[in-house]
Amino acid sequence: MKLIVAFLLFVQIVFSQNTPLERLLTAGQRAFEGQDYILAKKIYSQALILNPKNRDVLYNIAATELSLGQSEKACDYWYQLFMTGDYSGVEYIKEYCSDYFKGKVVPFAELDEKPKFIYRGKEHPLFVGKDLNPIYRTAFIKRFSYSNYLSKTKGISHIGFKVNKESKLECFVYSVGAKGVDADEVREVMESFMRTLVVYIAGRKDGEAVDYFETHSLPINMQPNSF
């Protein structure tokens with residue numbers, strides 16, 4: 001349930017109001033649609049107390065702050081949204097928050113040093129050109145093939161991932177194509193494989209480890225020796 005921001009004019013009201021949070025979100029959207037941004041901010045602030053990490057709340061209060069001319073506050077909420085792993089506000093971050101995010105988050109192309117990884121005691125770039133390093137792919141295939149559970153599954157899944165400034169892998173399986181197995185279990189196993197496969201090293205800008213906006217997408221063919 002999000003305000004669709006194309007200069008923050010398009011609003012979609014969702015009529016499911018089963019919880020206090022959902023009722024506040026709906027009330028906030030109605031206030032926003034009526035251009036009562038002060039009331040919308042008040043309502044979303046109440047929603048934020050109920051759930052400070054809710055992605056819809058963060059997105060909508062950012063949109064409201066921007067409508068009130070409070071771009072720095074909007075950027076703060078978009079940054080919190082970004083840190084939850086939701087990248088729906090990235091385009092607005094790039095457009096409105098270049099000063100706020102200076103030194104915190106940069107486009108992947110502007111990294112002086114792209115993310116790296118350590119495998120068997122050696123350091124390697126995570127990407128070679130625009131492609132995932134073959135060494136990393138091979139390591140994943142080997143780890144994958146050793147899993148009796150995953151090696152028996154079939155189907156194509158997709159993983160989103162990035163290496164954050166703490167040198168930790170943020171990843172999520174957003175599409176599970178495995179058939180005949182528990183999708184949640186497949187997601188949990190694959191995400192665990194990715195996070196523990198190697199030691200990750202953050203990308204750097206001006207000598208400092210930084211976060212970057214983009215998320216990489218990796219299709220996984222759920223069959224042994226097929227990646």
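Aspartate 206 is exposed in this predicted model, with a relative accessible area of 63%. The residue sits in the loop between strand 11 (204–205) and strand 12 (208–209). Its phi is near 55°, a positive value in a residue other than glycine. Most residues other than glycine have a negative phi. Serine 167 also has a positive phi, of about 65°, although it is not a glycine. The table sets out both residues.

| Residue | Phi | Loop | Relative accessible area |
|---|---|---|---|
| Aspartate 206 | near 55° | between strand 11 (204–205) and strand 12 (208–209) | 63%, exposed |
| Serine 167 | about 65° | between strand 8 (156–163) and strand 9 (169–175) | 28%, partly exposed |

Helix 2 spans residues 37–50. From the first C-alpha to the last, the 14 residues of helix 2 reach 20 Å, close to the 20 Å expected at 1.5 Å a residue. Buried positions in helix 2 are Tyr37, Ala40, Ile43, Tyr44, Ala47 and Leu48. These residues lie on the same side of helix 2 because they cover an arc of only 150° around the axis. Ile38, Lys42 and Ile49, on the other side of helix 2, are exposed.

Leu48 reappears in the largest nonpolar core, which has 31 residues. Leu48, Val57, Tyr77, Trp78, Phe82, Ile93 and Phe213 are the residues with the most contacts inside this core. At least two residues of the core are supplied by each of helix 1 (20–33), helix 2, helix 3 (55–67), helix 4 (71–83) and helix 5 (90–96). Helix 4 provides the largest share, seven residues.

Leucine 66 belongs to helix 3. Its relative accessibility is 15%, and leucine 66 therefore counts as buried, the cut-off being under 20%. Leucine 66 and tyrosine 96 are 30 residues apart in sequence, while their C-alpha atoms are 9.0 Å apart in space.

Internal empty space was also examined. A search of the whole structure finds one cavity of 30 Å³ or more. The largest cavity holds about 40 Å³ of space. Its lining consists of Phe82, Met83, Tyr87, Lys162, Glu170 and Asp211. By class, the lining residues comprise three nonpolar, no polar and three charged. Phe82 thus links two parts of this description: Phe82 lines the largest cavity, and Phe82 is one of the residues with the most contacts inside the largest nonpolar core.

Definitions and conventions. Residues numbered from 1 in each chain as written. Predicted model: local features only at pLDDT ≥ 70, side-chain atom pairs only at ≥ 80, totals over all residues. Heavy atoms only, no water. 1 Å grid on protein atoms, 1.4 Å probe; cavity = no way out; pocket = protein on both sides within 12 Å on 5 of 7 lines; lining within 4 Å. Points joined across faces, edges and corners; volume = space filled by probe spheres on them. Nonpolar A, V, L, I, M, F, W, Y, C, P; charged D, E, K, R; others polar. Helix = DSSP H or I, 4+ residues; strand = E, 2+ residues; numbered from the N terminus. Expected span 1.5 Å × (residues − 1). Buried < 20%, exposed > 50% of the residue type's maximum accessible area, 1.4 Å probe, protein only. Arc of directions from axis to C-beta. Core = buried A, V, L, I, M, F, W, Y, C linked by side-chain atoms within 4.5 Å.
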